[in-house]
Amino acid sequence: MVKASFYRKNGLYCGFIVSGHAGGRYGTDIVCAGVSSAVMLTVNTVTDFLVADASIKIKENAVGLRLNKPEADETARAVVYSLKEHLQMLARENGGINVVIKEI
């Protein structure tokens, strides 16, 4: 199961951690491919295109992003929110993904 935790501070989306595997044979699972692609597009958009003040952590089976000043970057917040919406849609259509929202 892929676990996607999205974090809000004062109601503003400020980051996420996505980890795990959706199931199926490793390397052939379309859900995992979709999740991985969406997560990396989000990270690259926030850091390389928007040049937002963000911290990134990439481990073997997890990717996390934290907006250091979420109140200052509405566009980066919107990109993070869009990832949440996308993963929720994938979860509804395919399963294998647990999306949670945590207020910090």
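A hairpin with 2 residues in its connection joins strand β3 to strand β4, and the two strands run antiparallel, joined by 6 bridges. Within this pair, Ala 54 has Leu 67 in β4 as its bridge partner. Strand β3 is hardly covered, since the count of buried residues among its 6 residues is 0; buried here means under 20% relative accessible area, exposed means over 50%, and partly exposed lies in between, with a 1.4 Å probe and protein chains only. Helices (H or I, at least four residues) and strands (E, at least two) are DSSP runs numbered from the N terminus, and two strands are said to pair if DSSP finds at least two bridges between them.

This is a predicted model, in which local features need pLDDT of at least 70 and side-chain atom pairs count only at pLDDT 80 or more, while totals for chains, interfaces and linings use all residues. Residues are numbered from 1 along each chain as its sequence is written, and side-chain values use heavy atoms, with hydrogens and water left out.

**The sheet**

The hairpin of β3 and β4 belongs to an open sheet of 5 strands, which has the order β3-β4-β2-β1-β5 and mixed pairing. Its edge strands are β3 (54-59) and β5 (97-103), each of which pairs on one side only. From one strand to the next the twist averages 15°, where axes are lines fitted to C-alpha atoms, for helices over the stretch in contact, and angles run from 0 to 180 degrees between N-to-C directions.

The pairings of the sheet are set out below, each with one residue pair that stands opposite across it.

| Strands | Sense and bridges | Opposite residues |
|---|---|---|
| β1 and β5 | parallel, 7 bridges | Ala 4 and Val 99 |
| β1 and β2 | antiparallel, 8 bridges | Lys 9 and Leu 12 |
| β2 and β4 | antiparallel, 5 bridges | Ile 17 and Gly 64 |
| β3 and β4 | antiparallel, 6 bridges | Ala 54 and Leu 67 |

Strands β1 and β2 also form a hairpin, with 2 residues between them, and Asn 10 in that turn has a positive phi of about 55°.

**The helices**

Helix α1 (residues 30-49) lies across β1, β2 (12-20), β3, β4 (62-67) and β5, and runs at about 30° to β4. Helix α2 (residues 74-94) lies across β1, β2, β4 and β5, and runs at about 45° to β2. Contact in this report means heavy atoms within 4.5 Å.

Two packed helices are described by the angle between their axes and the distance between the axes. The axes of α1 and α2 come within 10 Å and cross at roughly 175°, which makes α1 roughly antiparallel to α2; angles under 35 degrees count as roughly parallel, over 145 as roughly antiparallel, 65 to 115 as roughly perpendicular and the rest as oblique. Among the residues that meet across this contact are Val 35, Val 39 and Thr 42 in α1 and Val 79, Leu 83 and Leu 87 in α2. By class, the contact of α1 with α2 has 10 nonpolar, 5 polar and no charged residues, where Ala, Val, Leu, Ile, Met, Phe, Trp, Tyr, Cys and Pro count as nonpolar, Asp, Glu, Lys and Arg as charged, and the others, Gly among them, as polar.

Thr 42, which lies in helix α1, has 6% relative accessibility and therefore counts as buried. Leaving aside residues up to four places away in sequence, Thr 42 touches Phe 16, Val 79 and Leu 83. Thr 75 has its place in helix α2 and is partly exposed, with a relative accessible area of 45%. Between Thr 75 and Val 46 there are 8.6 Å in space, C-alpha to C-alpha, although they are 29 residues apart in sequence.

**Salt bridges**

The structure holds 2 salt bridges, a salt bridge being a side-chain nitrogen of Lys or Arg within 4 Å of a carboxyl oxygen of Asp or Glu. In one of them the side chains of Glu 103 and Arg 8 meet at 3.2 Å, N to O. Because Glu 103 lies in strand β5 and Arg 8 in strand β1, the pair ties together parts that are 95 residues apart in sequence. Glu 103 counts as partly exposed at 45% relative accessibility, and Arg 8 counts as partly exposed at 27%.

A salt bridge also forms where the side chains of Lys 84 and Glu 85 meet, at 2.6 Å, N to O. Here Lys 84, at 4% relative accessibility, counts as buried, whereas Glu 85, at 33%, counts as partly exposed.
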